[in-house]
Amino acid sequence: MVTRRDLFYGISTIAVGLCAREAGAQTLERSLKVRSFGPGPYYFAPHANEFVSVEAAKAVLEKQGGTLVSIHQSGNRNITFSIDGKQYIADPNRIFTDAGIEATLKKYSSYSKKAHRYLSNYAQNVLKELGIKDGVSSSQFPIIALHNNTEGQYSVKYYLKGGQYEWDAEHVFMISDVDTDNFFFTTDRVLFHALVEKGINTVLQDNKRAEDDGSLSIYCGRHGISYVNVEEQQSDTAEARVKEIAYQIYMLETLIAIINAKE
């Protein structure tokens, strides 16, 4: 049976495809998925291979409400498209600034003005689905990004003094008895302090100094939009993933409780 939710999902997907077309392009119209669970925050899942975060978010969305905006193309992390018979590849969380678009195209394939323009239009459609237009969010809630990492490859430690991303962070809170792969990353100073009070590893982005990598956090930081990434480890085994989903649900529920308390 086709539900109203399914109809909304289908209409949103088609609309995004029509808006993102570039002459001669093999479009990404089916890659952007929008699912409404009722009133609430916007959740953004850019990487299809980071599925623990999405499973956790769905459990919270079913109870708390909100809208899940995800990018999914054959289960791959990156997105692929063709223009005039030439294939391009990009990281879908690196397309929200011009510098990011150029860098991600050059890193994964090659650069062209047509590909740049196409990704820029696609990014605008993503932002639209997240309730953002011309740098202004229509939502009273923070944008909640959903990400997973691999053990030993990315953690809150990367933002400490001497770390790879030291200059991207204004403040870092880390405690020794919590897995450093599990942390919040936010553009919002008030939210940062509220999360710290809950005893969860948290990074506050330096919105003035952070490197422009084209990510949604950079875009939101530049435009004064409250943004928070819920970052959690994703393992290879099903047994470990059950525990990881449970912890990311805990992180999301803690975040939602803080957001609701502010309202």
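1. Helix 6 is a good place to start. In this predicted model, the buried residues of helix 6 are L216, S217, I218, Y219, C220 and G221. That helix spans residues 216–223, and with six of its eight residues buried it is mostly covered. Right after helix 6 comes G224, whose phi is positive, at about 70 degrees.

2. Now for the overall picture. The protein chain holds seven helices and 13 strands. It has 263 residues, and 52% of them count as buried. Its accessible surface is about 12,600 Å², with 50% of that belonging to carbon and sulfur atoms. If you look at contacts with a separation of 6 or more, 71% of them are between residues 24 or more positions apart.

3. Have a look at helix 2 and helix 7 next. Helix 2 covers residues 51–64 and helix 7 covers residues 238–262; their axes come within 8 Å and cross at roughly 45 degrees. That angle makes helix 2 oblique to helix 7. The crossing of helix 2 past helix 7 is right-handed. On the helix 2 side, the contact is made by F51, V52, S53, E55, A56, A57, A59, V60, K63 and Q64. Helix 7 brings R241, E244, I245, Q248, I249, L252, E253, I256 and N260. Sorted by class, this contact of helix 2 with helix 7 has 10 nonpolar, four polar and five charged residues.

4. One residue of helix 7 deserves its own point: L252. Is L252 buried or exposed? Its relative accessibility is 0%, so L252 counts as buried, the cut-off for that being under 20%. Leaving aside residues up to four places away in sequence, L252 touches Y43, A56, A57, V60, I144, L146 and V230. Take V60 from that list: V60 and L252 are 192 residues apart along the chain, yet their C-alpha atoms are separated by 7.2 Å. If you want to find the pair on screen, remember that V60 is among the helix 2 residues in the contact and L252 among those of helix 7.

5. Helix 7 also meets helix 5. Helix 5 runs over residues 189–197, and the axes of helix 5 and helix 7 come within 11 Å, crossing at roughly 125 degrees. The two helices are therefore oblique to each other. Helix 5 passes helix 7 in a right-handed crossing. Which residues meet here? From helix 5 there are V190, L191, A194 and L195, and from helix 7 there are L255, I258 and K262. By class, that contact of helix 5 with helix 7 has six nonpolar residues, no polar ones and one charged.

6. Last, helix 3 and helix 4. Helix 3 is residues 98–108 and helix 4 is residues 113–129; they pack at an angle of about 125 degrees, and their axes are 10 Å apart. Helix 3 and helix 4 are therefore oblique to each other. Here, too, there is a right-handed crossing, with helix 3 passing helix 4. D98, I101, E102 and L105 of helix 3 make the contact with A115, H116, L119 and S120 of helix 4. The class count for helix 3 with helix 4 is four nonpolar, two polar and two charged residues.

Note on methods:
Residues numbered from 1 in each chain as written. Predicted model: local features only at pLDDT ≥ 70, side-chain atom pairs only at ≥ 80, totals over all residues. Heavy atoms only, no water. Axes fitted to C-alpha atoms, helices over the stretch in contact; angles between N-to-C directions. Helix = DSSP H or I, 4+ residues; strand = E, 2+ residues; numbered from the N terminus. Parallel < 35°, antiparallel > 145°, perpendicular 65-115°, else oblique. Left-handed = near helix turned anticlockwise from the far one by under 90°. Contact = heavy atoms within 4.5 Å. Nonpolar A, V, L, I, M, F, W, Y, C, P; charged D, E, K, R; others polar. Buried < 20%, exposed > 50% of the residue type's maximum accessible area, 1.4 Å probe, protein only. Areas by Shrake-Rupley, 256 points an atom, 1.4 Å probe, with all protein chains shown as cover.
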